[in-house]
Amino acid sequence: MIQLKSAREIEIMARGGQILAGAIRLAETDVRAGMTTLDVDRMIEQFIRSHAGALPSFKGLYGFPNSICASINEEIVHGIPSAKRTIHDGDIISVDIGVQLDGYHTDAATTVAVGDVGAESLRLLDVTRRALDAGIAAAQPENHVGDIGAAVQGLVESAGYNVTRDLVGHGIGTTFHEDPQVPNYGKPKRGVKLTVGLTIAIEPMVMIGSHRTKQLSDQWTVITADKSRAAHFEHTVAITAEGPRVLTRLAA
Ligand code: MG
């Protein structure tokens, strides 16, 4: 069921979203070679909890053990932080974070280039970031979920890359995953209509190679079937009468 939010509820989500934006910035500035993915998890969890009332949404969500998902190179999403997983120069690492504040969740992700990752990986990050921007720009009232998917898919495929079919963005609010699903593919004017008060996580997951995925035996980590690298960027967005409002972008 779709839960539309009042202006008051969107303001609560915007406050949580600012904490989350700070956590994303911390990942982008402080993740470096030699850290383990558990080090990153602890750094982000500590940052979130340093804000009164803020909690890491992921901890315990469907039984997930940590506060972030950390997914390296061919891992697309849902990597479990581990003291055994060291980040190396040349890796790209997706850091996906959720924040709960006053009963409302927000969700965002970034992919960080660690050291010298090479031209192809830098291009992958750039295309995925621009795909997120294109998806957000399509999140206009009276548009449909399919307009977001079409914008993301069009940008990614014209760059020669692929979007995942197996994982989708989602509504978000008092529950972390709400309706509607927000695929990274689709056709304009198809699917659920975007109405004022809808809050959604838009999250392109882009791979250099085939869109096919595999799940690792840890039951969480999703990787590309062909081991090509993947990137993931995400924002939580409210549909307002004035257009899309990004709730997880750091205020200037
Ligand atoms: Mg999400």
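**Close-up views of helix α4 and the adjoining sheet**

**View 1. The open sheet of five strands.** In this predicted model, 5 strands make up an open sheet whose order is β8-β7-β9-β14-β15, with antiparallel pairing. The edges are held by β8 and β15 (243-246), and because each of them has a single partner strand, one side of each is left without a neighbour in the sheet. On average, and with direction ignored, neighbouring strands of this sheet are turned by 30° against each other.

**View 2. The pairing of β9 with β14.** Strand β14 (residues 235-240) is joined to β9 by 4 bridges, and the two strands run antiparallel. Within this pair, T199 stands opposite A238 in β14.

**View 3. Helix α4 on the sheet.** Helix α4 packs on the sheet, where it touches β8 and β9, and the direction of α4 makes about 40° with that of β8. The buried residues of α4 pack against β8 (178-182) and β9 (199-202), and also against α3 (119-137), β6 (162-163) and β10 (205-207). Buried in α4 are V145, G146, D147, I148 and G149, together with V152, Q153 and V156. In an α-helix, residues three or four places apart point the same way, because there are 3.6 residues a turn.

**View 4. The length and the end of α4.** Helix α4 comprises 14 residues (residues 145-158), which at 1.5 Å a residue should span 20 Å, and this agrees with its end C-alpha atoms, which are 20 Å apart. The helix α4 is followed by G160, a residue whose phi is positive, near 90°.

Definitions and conventions:
Residues numbered from 1 in each chain as written. Predicted model: local features only at pLDDT ≥ 70, side-chain atom pairs only at ≥ 80, totals over all residues. Heavy atoms only, no water. Expected span 1.5 Å × (residues − 1). Buried < 20%, exposed > 50% of the residue type's maximum accessible area, 1.4 Å probe, protein only. Contact = heavy atoms within 4.5 Å. Pairing = 2+ DSSP bridges. Axes fitted to C-alpha atoms, helices over the stretch in contact; angles between N-to-C directions.
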